[in-house]
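This report describes a two-chain model, beginning with a helix pair and ending with backbone details. The sequence and structure come first.

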2 protein chains.
Amino acid sequence: MGPHTAPFSRAEYERRLSKTRRAMEAAGVDLLFVTDPSNQNWLTGYDGWSFYVHQGVLLPLDGEPCWWGRMQDTAGAQRTVWMPEACILGYADHYVQSVTRHPMQDLAAQILRMGHGGARIGVEMDNYYYSAKAHAVLQTALPNAEFVDATALVNWQRLVKSDEEIDFMRRAARISETIARLAIELAEPGRRKNELVGEVMRAAVRGTGDDWGDYAAIVPLMPSGADASAPHLTWNGEEMKRGEATFFELSGCVRRYHAPLCRTVHLGPPPKAMAEASEALNEGLAAGLEAARPGNTTQDIAAALHAPLRRIGIHRPNRCGYPVGLSYPPDWGERTASLRKGDLTVLEPGMTFHFMPGIWMEEWGLETTETILIRESGPAETLCDLDRRLFVKD
Amino acid sequence: MGPHTAPFSRAEYERRLSKTRRAMEAAGVDLLFVTDPSNQNWLTGYDGWSFYVHQGVLLPLDGEPCWWGRMQDTAGAQRTVWMPEACILGYADHYVQSVTRHPMQDLAAQILRMGHGGARIGVEMDNYYYSAKAHAVLQTALPNAEFVDATALVNWQRLVKSDEEIDFMRRAARISETIARLAIELAEPGRRKNELVGEVMRAAVRGTGDDWGDYAAIVPLMPSGADASAPHLTWNGEEMKRGEATFFELSGCVRRYHAPLCRTVHLGPPPKAMAEASEALNEGLAAGLEAARPGNTTQDIAAALHAPLRRIGIHRPNRCGYPVGLSYPPDWGERTASLRKGDLTVLEPGMTFHFMPGIWMEEWGLETTETILIRESGPAETLCDLDRRLFVKD
């Protein structure tokens, strides 16, 4: 096993394949084409920053999956996937970002060669890495195939984590705690935000103990003051100011597994409304953790969270969390269940969520969040260990 | 102008709109829907890590463009786009990653409201951020519209950079040089690769002089030894070894503008074949720079590069470069022209490319590259200033 090989047992991959194939059968899919890089990794171990070109995994109901991608990336596949070399397929470089050729023409030829030209092919219709053009070219090149929307079919199989996966998330959580503490420690009036981000990124990649840090699927988010009403601003070169809060949205990453964590720092005494919101939020988080137990549903967590916030007049229209684990940019969420009203996913042991009730007001923002694990019984476990208060620094 | 506002003049944005509208007219497009985050930023200034949900810019032939996205991200839009607030449109959170609703239903309603229900709508068919599902939902919801493939329509307008853009790329180049020098300096037997990446990331974000560093669209790539035959492996926690080469593929980033740079370090004396390849590569790079002048074509650069390599028996089937500038993950290339045989883009002053002739052999990899600027006359300018030798460290 090389240094890049995903350190899962063959049995773990077999478990994943079986689970996915049961879902394929239920959906009437003969052949699944997986473009989501997280799903590719989960099924085959493939790992590399090559998802900016068309690539994917072909999974038939029988036999081994094939990884398919740009010829020069087959070298990366040989180093990262568990299948034999015959299961690695490359397309010629003249297909890359060409205006006259499209990689899906090559994929269609491979599918025909395998005898799947008349198959019911599942494709991830709503995925960053399956473009409208890819679908159109594939449809034209495989006129006898039937296409089935298999968006998130694999993602749903990832919802309950194996013990091996949870172990990686725990290790990522050690890094998340470390970098969140570092960010809180470094936050002070006059500190340039990019400088703080630099320290956080360095610590995240250094890792903790024997675990080296991988890149997280989202860069550090850390808006300050009124800018923190905007959830997805990154950083700039401004100095942090007294009288302003900054939230830090961060995650450690170990072998692509994440454990996101957010905390908020206020420099100087916080406004009363913000301190109150933080207290209500913490009450809601505690109630949500209590509700996050097997047999309850995702919407129960949201309801428990929102009750104390509503009491002080804060109505969050947004979902308050999503499943997390293995991921690649641009998102560390798994894009299946959501913690929100109307979502009736029944909680099972081994599910992991980023319980993420950000509060974005007109003049400030507050984020205190946890990555949680549904246990066999009782309330959820928080994978990170860090006080949930609004951190106030003078 | 807030701290997040893109520091371009209004005249610069007007120039971009006019140029894009001429291309829309030539393509018979009445209304353009732009999903590529780089294109959104280039046209409107929008900046935020929110591209993991559906969002985009609507550009009609007349009037101002509108930014459209998730409601909670309109706060980020208000802080980053140059248009008035009436041009910022948000959709409700229950559209996000829902199995019963799709954000494109909201977009269709907006388009109908604007009176464009029967328009010829240009969409970026082959883009990470325009999924097959998005297209299918939009088509269904706008039965009277005609859809035109406008893949890379805006990207092509970005090929020739303005002086303001080149200034940002020069500033990014200062960071690229700094971090490449740092990587070379830190490379030594026993150095853990993740530790080296951490130092590079910290320096990249700290920036140089008054320029703070933004996140690059690709994380540092730095495979070692035989792994360097795979172009897109990232890092791990292994120690660097004597007798192995590591290439560093890096870029500084200033306000989303990049200037990628690669260099290779060999620890201990390099094998003869690699030293020879490096010499031929440098000869090819020099010849390519000579060929990179106005009136020549992109394929002329590739031909000049490849001649000395062929002489020593290295045949590169891959393209040797692509345009660069403004970008977001997962790619810092612009996905229009390519430096390769058959690509007949005529070079013009102000075009910028990552001249990127990676050599990936069975047992090692070598990357020595430059970000180049086509000048008014004469050979191209290299934006970074760093020796192109194969760096050998004992």
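## Helix packing in chain B

In chain B, the axes of helix α1 (residues 10–26) and helix α2 (residues 37–44) come within 8 Å and cross at roughly 120°. The axes are lines fitted to C-alpha atoms, for helices over the stretch in contact, and angles run from 0 to 180 degrees between N-to-C directions. Helices (H or I, at least four residues) and strands (E, at least two) are DSSP runs, numbered from the N terminus. α1(B) and α2(B) are therefore oblique to each other; angles under 35 degrees count as roughly parallel, over 145 as roughly antiparallel, 65 to 115 as roughly perpendicular and the rest as oblique.

On the α1(B) side the contact is made by B:Y13, B:R15, B:R16, B:L17 and B:T20, which meet B:N41, B:W42, B:L43 and B:T44 of α2(B). The residues of this contact of α1(B) with α2(B) comprise four nonpolar, three polar and two charged. Here Ala, Val, Leu, Ile, Met, Phe, Trp, Tyr, Cys and Pro count as nonpolar, Asp, Glu, Lys and Arg as charged, and the others, Gly among them, as polar. Contact means heavy atoms within 4.5 Å.

## Basis of the model

This is a predicted model, in which local features need pLDDT of at least 70 and side-chain atom pairs count only at pLDDT 80 or more, while totals for chains, interfaces and linings use all residues. Residues are numbered from 1 along each chain as its sequence is written, chains are lettered from A and ligands numbered from 1 in the order in which they are written, and side-chain values use heavy atoms, with hydrogens and water left out.

## Symmetry

A turn of 180° with a shift of 0.0 Å along the axis lays chain A on chain B with an RMSD of 0.0 Å. That is the relation of a two-fold axis. In chain A, the C-alpha nearest the axis belongs to A:A132, 1.8 Å from it. Copies are superposed by least squares on the C-alpha atoms of residues with pLDDT of at least 70 in both. Of the interface residues of chain A, 100% are also interface residues in chain B, so the copies meet through the same surface.

## Domains of chain A

The domain assignment gives chain A domain 1 (10–157) and domain 2 (163–393), with bounds from an automatic or database domain assignment. Their contact takes 19 residues from domain 1 of chain A and 16 residues from domain 2 of chain A. The C-alpha centres of the two domains of chain A lie 33 Å apart.

UniProt, in an unreviewed entry, lists "domain: Creatinase N-terminal" for residues 16–160 of chain A and "domain: Peptidase M24" for residues 168–376 of chain A. UniProt positions are given in the numbering used here, feature names are shortened, and annotations may be inferred rather than shown by experiment.

| Stretch of chain A | Helix | Strand | End C-alpha atoms apart |
|---|---|---|---|
| Residues 16–160 | 37% | 18% | 11 Å |
| Residues 168–376 | 32% | 17% | 19 Å |

## Backbone details

A cis peptide bond with omega of about 10° joins A:P329 and A:P330. A:P330 is in the loop between β9 (321–323) and β10 (352–355) of chain A.
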